[in-house]
Amino acid sequence: MIRQRQIETSAADFIPQDRSIDGLRLAARTCRDCELHREATQTVFGEGPSDARAVFVGDQPGGEDDREGRPFAGPAGKLLDAVLQEVGIDRRQIYLTNVVKHFKSGRREREHRAAKATSREIHAWIPWLEAELEAIRPEVVICLGAMAAQSLLGPTFRVSRQHGQIRPTAWAPWTIATFHPAAILHCPDAIRADIQQAFVADMKLVAERMRTIEFTHHDPGDESSRGA
Ligand code: URA
């Protein structure tokens with residue numbers, strides 16, 4: 001066991017001294033801490049302003065995200081975009097990232113869907129997510145689905161029972177978890193409407209919170225204030 005620990009690498013070996021978002025993005029391109037880099041086209045790092053007030057965290061890139069090098073570029077992203085628009089959140093103003101930043105292919109999965117990362121792979125990437133959150137210091141964090149929720153809120157977190165609950169965390173004073181948009185796309189027909197309704201209701205809470213933050217922080221005399 002001790003011998004194995006000595007030869008194992010850790011994510012800390014790959015996280016750069018420059019912990020700005022640009023520094024992290026650059027270093028993540030060459031991260032080899034888990035086996036996933038072998039099958040991925042590229043690292044799909046977070047996207048959005050590095051001073052965003054809200055960070056949305058998904059689980060891992062799908063096939064289209066892998067090819068484009070952008071999070072939520074595929075079908076789940078299109079659904080997310082539609083709901084963001086419905087509740088009045090501008091995607092250009094949020095930072096969107098994933099727990100795991102490499103695509104994982106699975107022969108039995110449909111092309112755009114990733115096979116679920118193992119807990120080893122998830123744990124290799126969590127320090128990167130933590131570093132992103134420390135660099136951005138958002139006011140709102142939204143966990144999309146179980147992988148993000150359990151990575152940031154603890155392994156016993158259950159999205160089906162605890163979605164929509166707001167709590168302060170080490171990552172943001174206002175943290176919430178909701179369903180993953182892919183859950184709406186792939187769930188049984190009988191429960192789709194209920195999940196979609198719950199997802200939209202949670203996202204309305206997020207939109208409301210973002211408007212309150214915007215209102216509180218906006219100084220009409222200061223055009224350089226964020227979001228002005
Ligand atoms: N695409 C992403 O970037 N993240 C997800 O969680 C799902 C699809």
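**Figure 1. Helix 6 and its surroundings in the predicted model.** In this predicted model, the buried residues of helix 6 pack against three strands and two helices, namely strand 1, strand 3, strand 4, helix 5 and helix 7. These buried residues are Met-147, Ala-148, Ala-149, Ser-151, Leu-152 and Leu-153. Helix 6 is thus mostly covered, with six of its eight residues buried. In general, an α-helix has 3.6 residues a turn, so residues three or four places apart point the same way. Just after helix 6 comes Gly-154, which has a positive phi, near 110 degrees.

**Figure 2. The whole chain.** The chain contains nine helices and four strands. Along the sequence, these elements follow the pattern α-α-β-α-α-β-α-β-α-α-β-α-α. Of the 228 residues of the chain, 48% count as buried. Contacts between residues at least 6 apart in sequence may also be considered: 70% of them join residues at least 24 apart.

**Figure 3. The open sheet of four strands.** The order of the strands in the sheet is 2-1-3-4, and their pairing is parallel. Strand 2 (95–98) and strand 4 (174–178) stand at the edges; each has a single partner strand, so one side of each lacks a neighbour in the sheet. From one strand to the next, the twist averages 20 degrees. Helix 9 (residues 189–217) packs on this sheet and touches strand 1 (54–58), strand 3 and strand 4. The direction of helix 9 makes about 160 degrees with that of strand 4. As a general rule, the strands of a sheet pair through backbone hydrogen bonds, either parallel or antiparallel.

**Figure 4. Strand 3 and its two partners.** Strand 3 (residues 140–144) runs parallel to strand 4, and five bridges join the two. Within this pairing, Val-140 stands opposite Trp-174, and Val-141 has Thr-175 as its bridge partner. Strand 1 also runs parallel to strand 3, to which it is joined by four bridges. Here Val-55 is the residue that stands opposite Val-141 of strand 3. Five of the five residues of strand 3 are buried. Val-140, Ile-142 and Leu-144 lie on one side, Val-141 and Cys-143 lie on the other, and both faces are covered.

**Figure 5. Strand 4, an enclosed strand at the edge of the sheet.** Although strand 4 stands at an edge of the sheet, five of its five residues are buried, so the strand is largely enclosed by the rest of the structure. In a regular strand, the side chains alternate between the two faces of the sheet. In strand 4, Trp-174, Ile-176 and Thr-178 point one way, whereas Thr-175 and Ala-177 point the other way.

**Figure 6. The largest pocket and its lining.** The largest pocket holds about 930 Å³ of space. Its lining comprises 40 residues, of which Asp-59, Gln-60, Met-147, His-180 and Ala-182 are the closest to the centre of the pocket. Two or more residues of the lining come from each of helix 3 (63–68), helix 4 (75–87), helix 5 (119–136), helix 6 (146–153), helix 7 (159–162) and helix 8 (181–186). Divided by class, the lining has 18 nonpolar, 15 polar and seven charged residues. Met-147, one of the residues closest to the centre, is also among the buried residues of helix 6.

**Figure 7. Gly-77 within helix 4.** Gly-77 belongs to helix 4, one of the helices that give two or more residues to the lining of the largest pocket. Is Gly-77 buried or exposed? Gly-77 has a relative accessible area of 1% and is therefore buried, since buried means under 20%. Apart from its neighbours within four places in sequence, Gly-77 is in contact with Phe-72 and Arg-91. Gly-77 and Glu-64 are 13 residues apart in sequence, and their C-alpha atoms are 10.0 Å apart in space.

Technical notes: Residues are numbered from 1 along each chain as its sequence is written. This is a predicted model: local features need pLDDT of at least 70, side-chain atom pairs count only at pLDDT 80 or more; totals for chains, interfaces and linings use all residues. Side-chain values use heavy atoms; hydrogens and water are left out. On a 1 Å grid over the protein atoms alone, a cavity is a set of points where a 1.4 Å probe fits but cannot get out, and a pocket is an open set with protein on both sides within 12 Å along at least five of seven lines; lining residues have an atom within 4 Å of a point. Grid points are joined across faces, edges and corners, and a volume is the space filled by probe spheres set on the points. Ala, Val, Leu, Ile, Met, Phe, Trp, Tyr, Cys and Pro count as nonpolar, Asp, Glu, Lys and Arg as charged, and the others, Gly among them, as polar. Two strands pair if DSSP finds at least two bridges between them. Axes are lines fitted to C-alpha atoms, for helices over the stretch in contact, and angles run from 0 to 180 degrees between N-to-C directions. Contact means heavy atoms within 4.5 Å. Buried means under 20% relative accessible area, exposed over 50%, partly exposed in between (1.4 Å probe, protein chains only).
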